[in-house]
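Colleague: I am new to this structure and would be glad of a guided tour of one part of it. Could you choose a single helix and take me through it slowly?

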Amino acid sequence: MHNQIPEYIERPLYLERIMPFVQKDIMKILIGQRRVGKSYMLYQLMGRISALEPEAQQIYINKELHEFKACGIMKILSNMSHKGVSCSACCSTENSGGLS
């Protein structure tokens, strides 16, 4: 599944604070209240990574989508790796042997 990154207003100050950590082996977590721009910051980051490394593999999982609501992140990633990063129905009980 390949989705286009939606249009966004660039926030260079925030992006430049995140970029030094992009290729580091540490988890990056963006936290904040609802509707403050976390998703759009991720879209901007994905756009920058795509511009720097067009072949880079990126995964964006929107946990607000119905397909992902009942699944934990580890189950989603595990199922995606077994299906060649196909997100559609990666959490369905038919394809994953049931939800735990």
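Modeller: Happy to! Let us begin with the residues of helix α2 that are tucked away: M41, Y43, Q44, L45, M46 and I49 are buried. Please keep in mind that we are looking at a predicted model.

Helix α2 itself runs over residues 38-52, which gives it 15 residues. From its first C-alpha to its last it reaches 21 Å, close to the 21 Å expected at 1.5 Å a residue. A general point helps when you read a list of buried positions like this one: an α-helix has 3.6 residues a turn, so residues three or four places apart point the same way.

What lies over these buried residues? The cover includes α1, residues 12-18.

Q44 is a good place to zoom in. This residue sits in helix α2, and Q44 counts as buried because its relative accessibility is 2%, where the cut-off for buried is under 20%. Leaving aside residues up to four places away in sequence, Q44 touches Y8, I9, E10, R11, P12 and L15. If you select Q44 in the viewer together with those partners, you can follow each contact by eye.

Helix α2 also takes part in an open space, the second largest pocket, to whose lining α2 gives the most, with four residues. About 320 Å³ of space lies in this pocket. Its lining is made up of 15 residues, and R11, V36, G37, K38 and M41 lie nearest the centre. The elements that give two or more residues to that lining are α1 and α2. Sorted by class, the lining has ten nonpolar, two polar and three charged residues. Two names here have come up before: M41 is one of the buried residues of α2, and R11 is among the residues that Q44 touches.

Finally, let us step back to see where the helix belongs. The chain has five helices and zero strands, so to speak an α-α-α-α-α pattern when read along the sequence. Of its 100 residues, 19% are buried, and the buried residues of α2 that we began with include Y43, L45 and I49. Among contacts between residues at least 6 apart in sequence, 42% join residues at least 24 apart. On the outside, the chain exposes about 8100 Å², and carbon and sulfur atoms supply 54% of that area.

Conventions: Residues numbered from 1 in each chain as written. Predicted model: local features only at pLDDT ≥ 70, side-chain atom pairs only at ≥ 80, totals over all residues. Heavy atoms only, no water. Buried < 20%, exposed > 50% of the residue type's maximum accessible area, 1.4 Å probe, protein only. Contact = heavy atoms within 4.5 Å. Areas by Shrake-Rupley, 256 points an atom, 1.4 Å probe, with all protein chains shown as cover. Expected span 1.5 Å × (residues − 1). 1 Å grid on protein atoms, 1.4 Å probe; cavity = no way out; pocket = protein on both sides within 12 Å on 5 of 7 lines; lining within 4 Å. Points joined across faces, edges and corners; volume = space filled by probe spheres on them. Nonpolar A, V, L, I, M, F, W, Y, C, P; charged D, E, K, R; others polar.
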